[in-house]
Amino acid sequence: MPYSIAVIGTGYVGLVSGTCFAENGNTVICVDNDRRKLDALLNGRIPIYEPGLQPLYERNFKEKRLFFTDNLEEAVLASEIIFLCLPTPPNEDGSADLQYVLAVADHIGRILGAHAPQPFKIIVDKSTVPIGTSEKVTDAIRAHYDGDFVVVSNPEFLREGFAVEDSLRPERVVIGTSHPAAQRILTDLYRPFVLSGNPIIIMDERSAEITKYAANTFLAMRISFMNELANLCEVLGADIDMVRRGIGTDSRIGKKFLFAGVGYGGSCFPKDVKALLRTSKEAEYPLRIVQAVEDVNAEQPLRFFSKVRDYFGGDIAGKSFAVWGLAFKPNTDDVREAPAFVIIDRLLEAGALVSAFDPEAVENTRTRYGDRISYPHGMYEALEGASALLLVTEWNEFRQPDWERIRRTLAEPVVFDGRNIYDGASLAAAGFDYFPIGRKPHLGRKK
Ligand SMILES: NC(=O)c1ccc[n+]([C@@H]2O[C@H](COP(=O)([O-])OP(=O)(O)OC[C@H]3O[C@@H](n4cnc5c(N)ncnc54)[C@H](O)[C@@H]3O)[C@@H](O)[C@H]2O)c1
């Protein structure tokens, strides 16, 4: 039987999850309080860039399995399962800000209280939240409603850029609840998503909440480990890419998340690392390894900037730089905590000019920088008059560029490769000075 589902918060997680629940035959009402997003969604346009999402959204919207509203009451009363997909940004002290989650929980409690009694409701927390949040959400609802409901932790593991694929075929589903009916219903809801045999793992609420932080922090740790090792390789004259291949072929280590670069960013890793650190400090068991992960990551884009500045003798005032890639990773328009922004901030502080190009993230970048930087229409146009190309995010279209055209367009033939995607020897042969991460530079510029 299809389920009636409400998804509160129609951002990257809510819109993708809601669309995928509808795709499997359920009826889904997505709620958001951002009028601009709702207007777009009600007029056939998704407000984010996520590969594969548009046709899925169009089909389910047309088939009337997928609805959009700002009316929380209507959605809550019509649904047996209510997903919270709300933001949990970092507070000043690094802890997760629960104001959106708790405000909606309070509102749900009031709605249920005003229309009591209601049939059994399952409130599912998909936002990434600190340990103990399911109890807080329960208390917030219970303050207004003493009917039959349960709060479940169901962390989301989708990757932006692959969100549709990850939602339709998750590698695992974690359901945190000890409530037998909720376990049964959610297992049934997710069954079509794991037909290939991937597991649905049932655990208690607290373990589910910490599982999400553990997953993201572990991945962030791999990145920081490789970045720190890359910095050592630079000092010792070794090649981090060879080291990566040397260790990644060990099945105990695996090949993924071993690429050195300018540091991790995005809406998840930075805030989740901070939040776990904060939780561990509050529990009086500070996770030292997680502190190091964060410290290394904070330094990594600054090291990249220093490399650029030092190459030009410490003074880059008045020089122009082309930045390729602004989104925190390829295949998304998400610029939250993007390393490119740390680098651009430093360039501007140093008096440099920046011309920036990204296939999808220019509009979001413009919101932050306005006319303080320029946004030429194409990747090659961004190079005009620039003293160097800074490759920050490795979109596919940057991988095999026309080097002849680049050399003709740049004011100086210099490339800083923040993702190690280019071949230094051939760039040097083509007359460029080339600086990767954790590998020897190649100097081919004719002075
Ligand atoms: N983005 C990811 O890749 C990802 C992956 C896994 C988990 N998460 C977690 O999922 C949660 C949501 O992340 P996101 O990236 O989708 O965030 P987002 O900012 O893209 O979306 C959140 C949405 O909630 C809406 N909202 C805020 N207050 C509201 C309210 N009172 N009523 C209705 N709507 C409201 C916002 O308008 C926004 O559209 C976060 O906790 C995040 O850590 C994100």
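# Exercises on a predicted two-domain model

Setting aside residues up to four places away in sequence, Lys274 touches Gly94 and Glu294. The structure is a predicted model, and the exercises below start from this residue before turning to the domains, the salt bridges and the backbone.

## Exercise 1. Place Lys274

Find the helix that holds Lys274, and decide whether the residue is buried, partly exposed or exposed.

*Solution.* Begin with the secondary structure: Lys274 is part of helix 11, which covers residues 269-282. Next take its relative accessible area, which is 30%; since partly exposed residues fall between the 20% and 50% limits, Lys274 is partly exposed. Finally, look along the chain to Val290, which is 16 residues away from Lys274 in sequence, and note that the C-alpha atoms of the two are separated by 8.4 Å.

## Exercise 2. Describe how the two domains meet

State where the domains lie in the sequence, how many residues of each are in contact, and what area is buried between them.

*Solution.* The domain assignment gives domain 1 as residues 4-203 and domain 2 as residues 209-447, and the centres of the two, taken over C-alpha atoms, are 33 Å apart. In the contact between them, 29 residues of domain 1 meet 22 residues of domain 2. About 2100 Å² is buried between domain 1 and domain 2, with carbon and sulfur atoms giving 56% of that area. On the side of domain 1, Tyr49, Ile131 and Glu160 supply 30% of the area buried against domain 2, which is more than any other three residues supply.

The polar side of the interface comes next. Between domain 1 and domain 2 there are 2 salt bridges, together with 10 residue pairs in polar contact. The residues of domain 1 that touch domain 2 comprise 15 nonpolar, 9 polar and 5 charged ones. Glu160, already named for its share of the buried area, also forms a salt bridge with Arg336, at 3.8 Å from N to O.

## Exercise 3. Compare the settings of three salt bridges

For the pairs Asp106 and Arg110, Glu404 and Arg407, and Glu412 and Lys319, work out where the partners lie and how accessible each of them is.

*Solution.* The structure holds 27 salt bridges, and each of the three pairs can be taken in turn.

1. Asp106 and Arg110 pair at 2.9 Å, N to O. Both belong to helix 5 (residues 99-114), where they are 4 residues apart, about one turn of the helix. Asp106 is partly exposed at a relative accessible area of 25%, and Arg110 is likewise partly exposed, at 48%.
2. Glu404 and Arg407 have their closest N and O atoms 3.2 Å apart. They are 3 residues apart in helix 15, so about one helical turn separates them. Glu404 is partly exposed, with a relative accessible area of 41%, and Arg407 is partly exposed, with 37%.
3. Glu412 and Lys319 have their closest N and O atoms 3.1 Å apart. Glu412 is in the loop between helix 15 (403-409) and strand 12 (414-417), while Lys319 is in the loop between helix 12 (288-311) and strand 9 (320-324), so this pair ties together parts that are 93 residues apart in sequence. Glu412 is buried, at 14% relative accessible area, whereas Lys319 is partly exposed, at 25%.

## Exercise 4. Follow the surroundings of Thr133

Where does Thr133 lie, and which residues does it touch?

*Solution.* Thr133 is in helix 6, which covers residues 133-142. Because its relative accessible area is 1%, under the 20% limit, Thr133 counts as buried. A polar atom of the Thr133 side chain lies 2.6 Å from the backbone oxygen of Pro130. Leaving out residues up to four places away in sequence, Thr133 touches Leu98, Val101, Asp125 and Glu209.

## Exercise 5. Locate three backbone features

Determine where the cis peptide bond from Ala116 to Pro117 lies, and where Phe257 and Asn420, each with a positive phi, are placed.

*Solution.* As background, most residues other than glycine have a negative phi, and most peptide bonds are trans. The cis bond from Ala116 to Pro117 has omega near -5°, and Pro117 is in the loop between helix 5 and strand 5 (121-125). Phe257 has phi near 60° and is placed in the loop between helix 10 (240-248) and helix 11; Phe257 is partly exposed, with a relative accessible area of 32%. Asn420 has phi near 55° and is placed in the loop between strand 12 and helix 16 (424-429); at 11% relative accessibility, Asn420 counts as buried.

Notes: Residues are numbered from 1 along each chain as its sequence is written. This is a predicted model: local features need pLDDT of at least 70, side-chain atom pairs count only at pLDDT 80 or more; totals for chains, interfaces and linings use all residues. Side-chain values use heavy atoms; hydrogens and water are left out. Domain bounds come from an automatic or database domain assignment. Contact means heavy atoms within 4.5 Å. Buried area is the accessible area (1.4 Å probe) that two parts lose on being put together, summed over both. A salt bridge is a side-chain nitrogen of Lys or Arg within 4 Å of a carboxyl oxygen of Asp or Glu. A polar contact is a pair of N or O atoms within 3.5 Å; within protein, one must be able to donate a hydrogen and the other to accept it, and residues adjacent in sequence count only if both atoms are side-chain atoms. Ala, Val, Leu, Ile, Met, Phe, Trp, Tyr, Cys and Pro count as nonpolar, Asp, Glu, Lys and Arg as charged, and the others, Gly among them, as polar. Helices (H or I, at least four residues) and strands (E, at least two) are DSSP runs, numbered from the N terminus. Buried means under 20% relative accessible area, exposed over 50%, partly exposed in between (1.4 Å probe, protein chains only).
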